[in-house]
Amino acid sequence: MNAVEIEEAVSALAARPFDPAQFPYAFLTAFGNKDTTIKRLRAGNTNASDIPGGVLQRNHIHIAVCGDGMVSKTMTMLRKSPKTLAAKAKFIVATDGVSLEAEDLITGEPLACAYRDIAEHFGVFLPLAGISTVKEIKNNPFDVKATGKLNKLYVELLRDNPDWATEEKRPALNQFIARLIFCFFAEDTGIFLPKQFTKMLEQMSDGQSGNTHEVLCELFRSMDLKSEDREAAKVKSWASKFPYVNGGMFAGGGDCPKFSRIARSYLLAVGALEWDKINPDIFGSMIQAVADDEERGELGMHYTSVPNILKVLNPLFLDDLREQLRGAGDNPRKLRNLRRRLSSIRVFDPACGSGNFLVIAYKEMRAIENEIVRRLDDAPKSWIRLENFYGIEIKTFAVEIARLALLIAEFQCDVQFISQQEARAMVLPLHRTGTIAVANALRVNWGDICPHTTVRSRTAQEEEDQRFPSATDDESSETYICGNPPYLGAKKKNADQVADMEAVGLSDSKLLDYVCAFMIKGLAYLNAQSRARMALVATSSVCQGEQVSLLWPRILETAHIAFAYRPFRWSNSAAHNAGVFCTIVGIQPERPSKRLLFSGDQQKECTEISPYLIEGPAIICKPTKTSISGLAPMVMGSNAVDGKRLILERDEATKLIEADKSISEFIRGYGGTEELSAGVDRFCIWIDDQDLSRAQEKPLLAKKIDACRSYREGAGRDARKAAKRPHAFCYSTFQNEPFVQVGNTIGNRYEYVPLGLRPAGFVSNHNAFAIYGVHLVEVALVLSRMHLVWAEAIAGRLGNGVRYGNTVVYNTFPVPLLTSQNRSELSRTASDILLTREALFPATIGDLYDREDGEMPSELRRAHDANDELVERIYIGRRFRNDTERLERLFELYSKLAAENPISKKKAKRVA
């Protein structure tokens with residue numbers, strides 16, 4: 001269930017007569033629990049509650065229904081219940097049908113309300129449905145309610161007006177919805193008379209005759225005309241009661257879709273809401289899904305939290321403004337200069353969606369301006385103009401909502417910082433809102449949307465005289481590009497998106513994430529625009545792995561990194577959405593006066609910031625075919641490209657051998673990272689060329705070979721070439737000797753790279769890497785904390801893990817010159833780890849390392865600690881203090897080794 005569906009279900013529950021026996025189950029059902037789950041709880045199979053009338057759902061909630069006036073006492077019982085703690089309940093809830101109390105046991109946040117009002121607080125419990133939330137929704141569910149009701153109206157209008165669903169007419173429908181939202185907001189905030197618009201619809205429209213669209217068209221026509229022009233235009237008297245709106249909101253009139261009786265009822269239900277409670281920075285994101293058929297399933301679940309947006313805006317320019325405000329004190333000249341600076345700032349989001357970044361930037365700038373006004377006791381009318389907020393967005397509905405969100409934000413700021421009465425007096429007629437274009441941002445000239453400005457120096461007299469900004473004076477404008485463009489991993493782009501990237505000059509587009517095109521496009525804008533800076537949210541992979549060498553040399557040729565965030569999880573509110581790991585990098589053409597590197601809640605001022613998001617110079621690790629440290633070769637495993645004709649599950653291999661024991665010589669163990677972690681291997685058919693004739697004499701094998709040939713003949717080009725040898729793997733690096741197998745993915749809960757020893761004859765698949773031979777020194781190094789830190793820094797991410805690579809990670813891993821004693825000690829610590837694992841059999845690598853509690857067996861922890869201490873003493877003579885220090889040393893050593901240019905030739909192991 002999405003947030004809108006949950007809100008509707010909780011509202012329906014609160015409206016029904018209270019049923020003590022059914023309430024716990026109805027409450028859980030409202031938050032998306034399946035019928036089978038509810039049945040098990042009813043039967044008592046999974047209900048471990050020790051409270052009378054209680055229902056306990058493990059890892060979720062402990063609910064109890066009690067007698068009249070016993071709610072607080074029951075809450076105390078729930079808190080003290082051993083079962084609550086043992087079941088790791090996140091919430092406790094008690095109700096007697098009159099009042100309800102609850103507590104979030106994770107945050108300690110309490111809730112107390114009338115039972116009938118529980119729908120007003122449904123957001124508190126959204127984590128029960130796997131939906132993350134923010135305080136604005138916890139405290140005020142209006143945005144979700146409004147989204148749900150508008151969605152019903154939108155869908156019904158499309159059903160009643162199928163021609164409006166076409167590409168040609170959909171923009172008109174989107175504009176129509178935006179007009180409705182404005183009118184509902186206006187009548188609940190004093191811009192119109194109270195409920196003036198909704199009451200007029202009730203009085204003048206009729207569900208029977210179907211004239212609702214005619215009434216709306218007349219109202220919108222009236223709002224587009226000045227009062228003195230309405231008589232000549234023959235505006236009906238009842239429509240003339242509405243004020244002139246202008247500002248492009250109702251320009252050109254236009255058609256309105258027809259309303260069935262049901263659609264009219266939905267329209268009036270939307271009008272009955274309290275629109276003065278709207279949060280423009282949240283509502284806009286949520287409502288986007290209304291007009292998007294593909295996103296409607298996640299209705300009310302997409303928004304970007306204000307703290308995440310401020311991670312971009314604060315270091316980009318807001319922190320500097322606040323610092324200037326602190327420095328100004330009560331100095332009138334400095335304060336007016338800062339206010340004038342605020343008036344000249346332009347904020348530009350090239351993938352603005354519904355305008356979240358623009359809205360938050362505007363509100364934060366208004367708060368700074370308000371403090372200036374307070375200190376100066378100055379005229380409160382804002383100097384910050386909405387037309388200084390620019391955006392590009394490809395979806396027309398999002399553009400309409402973004403423009404409207406800025407208008408709403410301006411009005412709300414005027415109410416907050418000036419007065420409600422003056423805000424109402426100033427709002428109409430509307431002036432220009434944000435300059436937001438409907439376009440593909442990668443196919444238009446950004447300078448056409450947000451024009452470039454030039455800077456000339458002012459005389460001292462001009463500085464002194466110009467106390468107020470001119471509406472056309474942009475000579476000192478600062479432009480800040482910000483936003484959260486589409487990510488789209490390198491392999492997830494469609495043909496049009498690949499073409500978009502090529503259009504901005506990224507010929508290596510297939511290897512780069514889509515967001516890179518916005519970074520390059522923004523770089524071109526920075527280089528053409530005086531006083532401009534940029535900070536975009538991007539996937540962490542643009543600062544990891546091969547993408548660094550493809551992207552960052554282009555950026556650093558003409559720009560500098562001013563600030564950056566180490567990778568962090570950027571998630572939306574969608575159910576069970578783990579989010580993606582992202583970074584934010586601030587870029588500017590001029591050399592920064594200071595550079596800030598953020599990691600969690602910490603920030604560090606750096607002399608330089610590397611593209612790998614550590615302190616240090618712009619050293620870029622280029623993938624190489626051989627180890628720069630002279631380590632034993634690591635190769636990717638073999639790839640069958642067989643459509644699973646040559647790959648066998650254990651039971652299938654067993655059946656083949658049972659049917660013909662002589663087949664066993666052609667069956668080998670087989671596996672990659674998944675099998676390495678789980679400890680359960682698969683098998684494969686392995687036939688050397690010289691044994692092909694003997695294998696084909698066995699009917700079961702001949703059938704498999706023929707099936708592989710048929711598959712490859714209908715597959716891709718490389719597979720078709722391999723169809724001539726259907727008995728063999730398409731790509732083979734196999735060597736018939738023992739080897740070290742290394743996983744190609746490092747899970748987020750792994751503290752070390754997944755690694756294991758494989759016997760001779762085992763076939764590693766292409767989802768893992770192999771170091772043939774038993775190389776204990778390499779085992780010790782790969783299993784070190786140093787190696788994991790290196791991998792996390794320079795490798796790309798894959799889902800919820802790090803994508804390990806031989807050319808990117810292993811071959812670039814810098815190792816100091818190893819003495820014979822070093823090598824002997826490393827072999828010993830590697831052996832200790834492997835022997836400790838063996839003693840813990842049958843525990844698998846996944847059992848030992850992929851642990852939610854973060855604790856591996858103590859004896860294995862000691863073995864790894866000893867190995868880490870040895871490795872780190874080889875690097876620096878002591879243990880490192882933290883990962884940052886480890887990375888700084890690794891990059892310093894990499895720089896020296898790379899300078900020796902070992903990439904072009906294979907080097908022997910360096911032994912002193």
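A salt bridge is taken here as a side-chain nitrogen of Lys or Arg within 4 Å of a carboxyl oxygen of Asp or Glu. In this predicted model, a search of the whole structure finds 44 such pairs. One of them joins Arg-375 to Glu-371, with the closest N and O atoms 2.9 Å apart. Both residues belong to helix α16 (residues 356-376), where they are 4 residues apart, about one turn of the helix. Arg-375 has a relative accessible area of 26% and is therefore partly exposed.

Other salt bridges connect separate elements. Arg-682 pairs with Glu-649, the closest N and O atoms lying 3.8 Å apart. This pair links distant parts of the chain, 33 residues apart: Arg-682 is in strand β19 (residues 682-685), and Glu-649 is in the loop between β17 (647-648) and α24 (650-659). The relative accessible area of Arg-682 is 18%, so this residue counts as buried, whereas Glu-649, at 41%, counts as partly exposed. A further salt bridge is formed by Glu-665 and Arg-694, with a closest N to O distance of 2.9 Å. Because Glu-665 lies in the loop between α24 and β18 (667-671) and Arg-694 in helix α26 (residues 692-696), the pair ties together parts that are 29 residues apart in sequence. Glu-665 is partly exposed at 44% relative accessibility, and Arg-694 is partly exposed at 33%. Salt bridges with shared partners also join Arg-336, Arg-339, Arg-366, Glu-369, Asp-378 and Asp-414 into one network.

Asp-96, in contrast, is buried and has no salt bridge; Arg-116, the nearest side chain of opposite charge, is 10 Å away. Asp-96 is located in the loop between β3 (91-95) and β4 (99-104). Its side chain reaches the backbone nitrogen of Val-98 at 2.9 Å and that of Ser-99 at 2.9 Å. Beyond its neighbours within four places in sequence, Asp-96 is in contact with Phe-18, Cys-66, Gly-67, Asp-68, Gly-69, Met-70 and Val-71. Another buried polar residue is Ser-222, which counts as buried because its relative accessibility is 0%. Ser-222 is part of helix α10 (residues 212-223). With residues up to four places away in sequence not counted, Ser-222 touches Arg-230, Val-235, Ala-239, Ser-240 and Phe-242.

The largest nonpolar core contains 109 residues, of which Phe-182, Phe-192, Phe-197, Trp-275 and Phe-317 touch the most other members. Helix α17 (residues 396-417) gives the most to this core, contributing 13 residues. Contacts of Phe-317 outside the four nearest places in sequence are with Ile-345, Val-347, Ala-361, Met-365 and Tyr-480. Another core, of 108 residues, lies apart from this one and includes Val-548, Trp-552, Cys-621 and Met-634.

Strand pairing was examined in two regions. Strand β6 (residues 345-349) runs parallel to β7 and is joined to it by 3 bridges, with Phe-348 opposite Tyr-390. In β7 (residues 389-393), 5 of the 5 residues are buried. Phe-389, Gly-391 and Glu-393 are on one face of β7 and Tyr-390 and Ile-392 on the other, and both faces are covered. Elsewhere, an open sheet of 4 strands has the order β16-β24-β20-β22 and antiparallel pairing. Its edge strands, β16 (635-636) and β22 (755-758), each pair on one side only. Strands β20 (residues 739-743) and β24 (residues 768-772) are antiparallel and joined by 5 bridges, and Gly-743 stands opposite Ala-768 in β24.

Notes. Residues numbered from 1 in each chain as written. Predicted model: local features only at pLDDT ≥ 70, side-chain atom pairs only at ≥ 80, totals over all residues. Heavy atoms only, no water. Pairing = 2+ DSSP bridges. Buried < 20%, exposed > 50% of the residue type's maximum accessible area, 1.4 Å probe, protein only. Lys, Arg positive; Asp, Glu negative; His and termini not counted. Polar contact = N/O pair within 3.5 Å; in protein donor to acceptor, adjacent residues only side chain to side chain. Contact = heavy atoms within 4.5 Å. Core = buried A, V, L, I, M, F, W, Y, C linked by side-chain atoms within 4.5 Å.
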